[in-house]
Amino acid sequence: MRLFREENFKVVVDTELKQIPEFKSLIVRDRTSDKKQALKEFSYIYFVYDHKSPYYIYPDDERRVRVSHDLSLVANEGDVYSPDGKVQDAIDKYLELSKTPTIKSLTSIREGLLTSSRLIDSLRERIDAALADPDLEDIEPVVRSVTRMLEIAEKLPKAIDNITTLEEKVKKDESNDTRIKGGGKKGMFED
């Protein structure tokens, strides 16, 4: 089920989404004619929680900070937008409707890859600090850190292949949704 899509760098809300009470409440409470605040809130949900979001390459905390700032939801850089009750209800509903077992697996593997990246950075910093120490006598901890880093690096290509395979499966599953407006179905050669 496609709840949001991105067109020309803007989040577009599907008409079916407007019928779900949690999302409709965001639209109704925005009294402006262009529904700019509701669109910002929908954009926040998409950019932070959708696996197709360009921000999904960042860890969860950094993603929230970047999206909050880029959508101008906070005044100061580095602050994080705190969703109110209605936005949180919409987030919960979005997660409920959009998470399939395949997407959950993809998300878990991506988060594991980000954790591996942070672990490698930490090991590298520890190695650099140890080597910069002029009083280094016991080199064994450095060797263990290098060995751990190489073991992780050996496993990363397999994790990346798994991510690629799962992404292809998710795209295939999502492309099977051939509904068009008016209740018809796409033909074999239609985009």
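**Close-up views of a predicted model**

E96 is exposed, with a relative accessible area of 55%; exposed means over 50%, buried under 20% and partly exposed in between (1.4 Å probe, protein chains only). This is a predicted model: local features need pLDDT of at least 70, side-chain atom pairs count only at pLDDT 80 or more, and totals for chains, interfaces and linings use all residues. Residues are numbered from 1 along each chain as its sequence is written, and side-chain values use heavy atoms, leaving out hydrogens and water.

**View 1. E96 pairs with K93 in helix α4.** Their side chains form a salt bridge (3.7 Å, N to O). A salt bridge here is a side-chain nitrogen of Lys or Arg within 4 Å of a carboxyl oxygen of Asp or Glu. Side chains of opposite charge can pair when their charged atoms come close. E96 and K93 sit three residues apart in α4, about one turn of the helix. Helices (H or I, at least four residues) and strands (E, at least two) are DSSP runs, numbered from the N terminus.

**View 2. D121 and R124 form a salt bridge.** Their closest N and O atoms are 3.0 Å apart. Both lie in helix α5, and three residues separate them, so the gap is about one helical turn. D121 is partly exposed at 31%. R124 is partly exposed too, at 39%.

**View 3. R144 and E140 form a salt bridge in helix α6 (residues 140–175).** The closest N and O atoms are 4.0 Å apart. The two residues are four apart, about one helical turn. R144 is partly exposed at 42%, and E140 at 41%.

**View 4. Helix α2 (residues 36–49) is largely enclosed by the rest of the structure.** Why? Because 10 of its 14 residues are buried. Among them are A38, F42, I45 and F47. The cover includes β1 (4–7), β2 (10–13), α1 (21–29), α3 (60–70) and α4 (85–98). E41, another buried residue of α2, is linked with R29 and D84 in a network of salt bridges.

**View 5. I109 of helix α5 meets residues far along the chain.** I109 touches A159, N162, I163 and L166, not counting residues up to four places away in sequence. Contact means heavy atoms within 4.5 Å. I109 and A159 are 50 residues apart along the chain, yet their C-alpha atoms are separated by 7.1 Å. I109 is partly exposed, with a relative accessible area of 27%.

Technical notes
Expected span 1.5 Å × (residues − 1).
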